[in-house]
Amino acid sequence: MLPQFSRAGNFEPKFYTGGEMRFYLPLLHDIIASEKPALIVTLGLGDAQAHLTFCQTAAQHNISSSCAAIRRATLDEDAADDPGWQRAQKATAEFFPTISQLIDGGSTTEFSDGSVNVLLIDDVDSAETIRRELELWSPKLSSDALVMLHGLDLERTGSTQKCMVNFRKGKSCGGIP
């Protein structure tokens with residue numbers, strides 16, 4: 001398995017902000033480079049490093065991937081005031097216009113059932129939000145989809161770990177306080 005993930009040593013992210021996601025960018029690069037997924041969805045844009053790493057990897061390796069980032073609608077922040085959203089818009093327009101799709105407060109209706117190969121849930125601190133997103137997105141996942149959650153060990157409201165364990169077992173995350 002080690003040779004499969006040896007590419008990261010040569011990976012230099014174009015869109016590095018030094019945020020919390022920085023430690024995972026080589027891993028995200030290797031996953032995309034080796035698996036070549038057709039559709040990658042990032043829920044919660046955060047600082048945009050993960051989404052832009054997906055796009056950069058697809059472009060550099062000539063992978064026919066579509067990368068969608070969905071910014072969660074929030075009452076206290078407009079997209080125009082979100083630095084990650086602004087960074088992603090600029091990079092998409094300049095480098096990834098055919099690869100990247102940015103959706104502000106979007107829904108699952110834009111995606112076909114079984115079409116999502118990689119789903120990253122990022123920039124969320126509520127187990128309830130994670131539970132809802134997993135339930136909403138489950139029909140959209142391909143049979144061999146990879147679901148990643150950034151920040152599993154963070155202290156959150158509710159039991160995120162229990163939710164992910166249940167999800168992997170094909171059970172609902174329901175009942176999480």
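# Notebook: core, sheet and ring pairs

I began with burial: 47% of the 177 residues of the protein chain count as buried. The model is a predicted one, and my entries below should be read with that in mind.

**Entry 1. Overall make-up.** I looked up the secondary structure and found five helices and five strands in the protein chain. Read from the N terminus, the elements follow the order α-β-α-β-α-β-β-α-β-α. I then checked the contacts with a separation of 6 or more, and 75% of them join residues 24 or more positions apart. For the surface I noted an accessible area of about 9,300 Å², with 50% of it belonging to carbon and sulfur atoms.

**Entry 2. The sheet.** In what order do the five strands lie in the sheet? I read S3-S2-S1-S4-S5, an open sheet with parallel pairing. S3 and strand S5 (141-149) are the edge strands, each with pairing on one side only. The average turn between neighbouring strands of this sheet is 15 degrees, direction ignored. I followed one pairing in detail: strand S1 (residues 39-43) runs parallel to strand S4 (residues 116-121), and four bridges join them. Within that pairing, Ile40 has Val118 of S4 as its bridge partner.

**Entry 3. Helix H2 against the sheet.** I next traced helix H2 (residues 49-60), which lies across S1, strand S2 (66-71), S3, S4 and S5. Its direction makes an angle of about 170 degrees with S2.

**Entry 4. The cores.** Which residues of the largest nonpolar core touch the most other members? I found Leu28, Ile32, Phe54 and Met148, in a core of 27 residues. H1, H2, S2, H3 and S4 each contribute at least two residues to this core. H2 gives the most, with five residues. I listed the contacts of Phe54, leaving out residues up to four places away in sequence: Leu28, Ile32, Ile40, Thr42, Cys67, Leu120 and Met148. I also noted a second, separate core of 17 residues, with Ile70, Val116, Val124 and Leu141 among its members.

**Entry 5. Helix H1.** I checked how far H1 is covered, and eight of its 11 residues are buried. These are Leu25, Leu28, His29, Asp30, Ile31, Ile32, Ala33 and Ser34. S1, H2, S4 and S5 are among the elements that cover them. Just after H1, I noted a positive phi of about 50 degrees at Lys36.

**Entry 6. Ring pairs.** I counted four aromatic pairs. One of them is Phe15 with Phe96, edge-to-face, at 5.9 Å centre to centre and with 65 degrees between the planes. Why does this pair tie together parts that are apart in sequence? Phe15 lies in the segment before helix H1 (25-35), while Phe96 lies in the loop between helix H3 (83-95) and strand S3 (100-104), so the pair links parts 81 residues apart in sequence. Both Phe15 and Phe96 are buried. Phe96 also pairs with Phe95; here the geometry is tilted, at 6.1 Å centre to centre and with 50 degrees between the planes. Is Phe95 buried or partly exposed? Phe95 has a relative accessible area of 37%, so I entered it as partly exposed. For Phe96 the value is 3%, which puts this residue in the buried class. Through these ring pairs, Phe15, Phe95 and Phe96 are linked into a cluster.

**Entry 7. Two charged residues in loops.** I looked up Asp122, which sits in the loop between S4 and helix H4 (127-137). Its relative accessible area is 7%, below the 20% cut-off, so Asp122 is buried. Apart from neighbours within four places in sequence, the contacts of Asp122 are Met21, Leu43, Gly44, Leu45, Arg72 and His150.

I then turned to Lys140, in the loop between H4 and S5. Is Lys140 buried or exposed? At 11% relative accessibility, Lys140 counts as buried. With neighbours within four places in sequence again left aside, Lys140 contacts Thr108, Phe111, Ser112, Asp113, Gly114, Ser115 and Val116. Val116 in that list is also one of the residues I noted in the second core.

Methods: Residues are numbered from 1 along each chain as its sequence is written. This is a predicted model: local features need pLDDT of at least 70, side-chain atom pairs count only at pLDDT 80 or more; totals for chains, interfaces and linings use all residues. Side-chain values use heavy atoms; hydrogens and water are left out. Rings of Phe, Tyr and Trp (its six-membered ring) pair if their centres lie within 6.5 Å; planes under 30 degrees apart count as stacked, over 60 as edge-to-face and the rest as tilted. Buried means under 20% relative accessible area, exposed over 50%, partly exposed in between (1.4 Å probe, protein chains only). Contact means heavy atoms within 4.5 Å. Accessible areas come from the Shrake-Rupley method with a 1.4 Å probe; for residues, only the protein chains shown count as cover. Two strands pair if DSSP finds at least two bridges between them. Axes are lines fitted to C-alpha atoms, for helices over the stretch in contact, and angles run from 0 to 180 degrees between N-to-C directions. A nonpolar core is a set of buried Ala, Val, Leu, Ile, Met, Phe, Trp, Tyr and Cys residues joined through side-chain atoms within 4.5 Å.
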